[in-house]
Amino acid sequence: MGESPRVRKVADRIHEVIAKRLERGIRDPRMGFATITAVQVTGDLQHASVFYTVYGTDEERADTAAALKAATGMLRTEVGRNLNTRLTPSLEFILDGVPENAAAIEALLREARERDARTEAEAAAAEYAGDPDPYVKPREFDEDADDDEDDDLDEEPAAR
């Protein structure tokens with residue numbers, strides 16, 4: 001089921017407001033370099049899931065998650081001021097795993113390309129195990145050999 005244009009518009013506006021507020025900075029030393037990647041809003045506009053990524057280590061990700069959790073009320077107030085809706089949706093911040101997944105997929109593709117290159121190199125240096133031309137060909141009869149066989153037929157059969 002697709003989302004309505006109004007829900008998409010509200011989600012885009014929330015994305016914009018939170019991203020701008022994060023650019024200005026939050027007075028929390030735990031806050032790392034976070035980027036808002038997506039916002040999904042429920043059909044009744046009551047709840048917004050805000051997806052974000054953090055550049056840095058696992059510890060920096062955890063610190064940023066704590067900073068965002070602590071700043072949720074302030075960010076919700078900011079969203080409320082900038083949205084023309086009767087109610088301000090609750091906000092939930094969710095670490096977006098897309099960049100990590102993309103990095104893992106990139107590593108797998110790189111490994112596959114390396115294996116393909118090795119296989120190609122092995123195939124180029126490979127030689128056939130059997131004859132160069134393994135296909136069976138029709139026998140070619142030697143004219144002289146046929147004459148000899150015919151001579152055998154002319155002779156009388158040996159006694160049994």
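**Pocket lining and an aromatic pair**

Colleague: By class, how many residues of each kind does the lining of the largest pocket have?
Modeller: This is a predicted model. The lining of its largest pocket mixes classes: two nonpolar, three polar and three charged residues.

Colleague: Which residues line the largest pocket?
Modeller: The space in this pocket is about 150 Å³. Its lining consists of Arg6, Lys9, Val10, Arg13, Asn82, Leu83, Asn84 and Thr85.

Colleague: Which helix gives the most to the lining of the largest pocket?
Modeller: The chain has four helices to choose from. One of them gives four residues to the lining, the most of any element. That is helix α1, residues 5–24.

Colleague: What pattern does the chain follow along the sequence?
Modeller: Four helices and three strands make up the set. Read along the sequence, their order is α-β-β-α-β-α-α.

Colleague: Which aromatic pair does the structure hold, and is it stacked or edge-to-face?
Modeller: There is one aromatic pair. Tyr52 and Phe93 form it, 6.5 Å centre to centre. Their planes stand 70 degrees apart, and over 60 counts as edge-to-face. So the pair Tyr52 and Phe93 is edge-to-face.

Colleague: How many residues apart are Tyr52 and Phe93?
Modeller: Tyr52 sits in strand β2, residues 47–55. Phe93 belongs to strand β3, residues 90–95. The pair thus links distant parts of the chain, 41 residues apart.

Colleague: Are Tyr52 and Phe93 buried or exposed?
Modeller: The cut-off for buried is under 20% relative accessible area. Tyr52 has 3%. Phe93 has 17%. Because each value falls under 20%, Tyr52 and Phe93 both count as buried.

Note on methods. Residues numbered from 1 in each chain as written. Predicted model: local features only at pLDDT ≥ 70, side-chain atom pairs only at ≥ 80, totals over all residues. Heavy atoms only, no water. Helix = DSSP H or I, 4+ residues; strand = E, 2+ residues; numbered from the N terminus. 1 Å grid on protein atoms, 1.4 Å probe; cavity = no way out; pocket = protein on both sides within 12 Å on 5 of 7 lines; lining within 4 Å. Points joined across faces, edges and corners; volume = space filled by probe spheres on them. Nonpolar A, V, L, I, M, F, W, Y, C, P; charged D, E, K, R; others polar. Phe/Tyr/Trp six-rings, centres within 6.5 Å; stacked < 30°, edge-to-face > 60°. Buried < 20%, exposed > 50% of the residue type's maximum accessible area, 1.4 Å probe, protein only.
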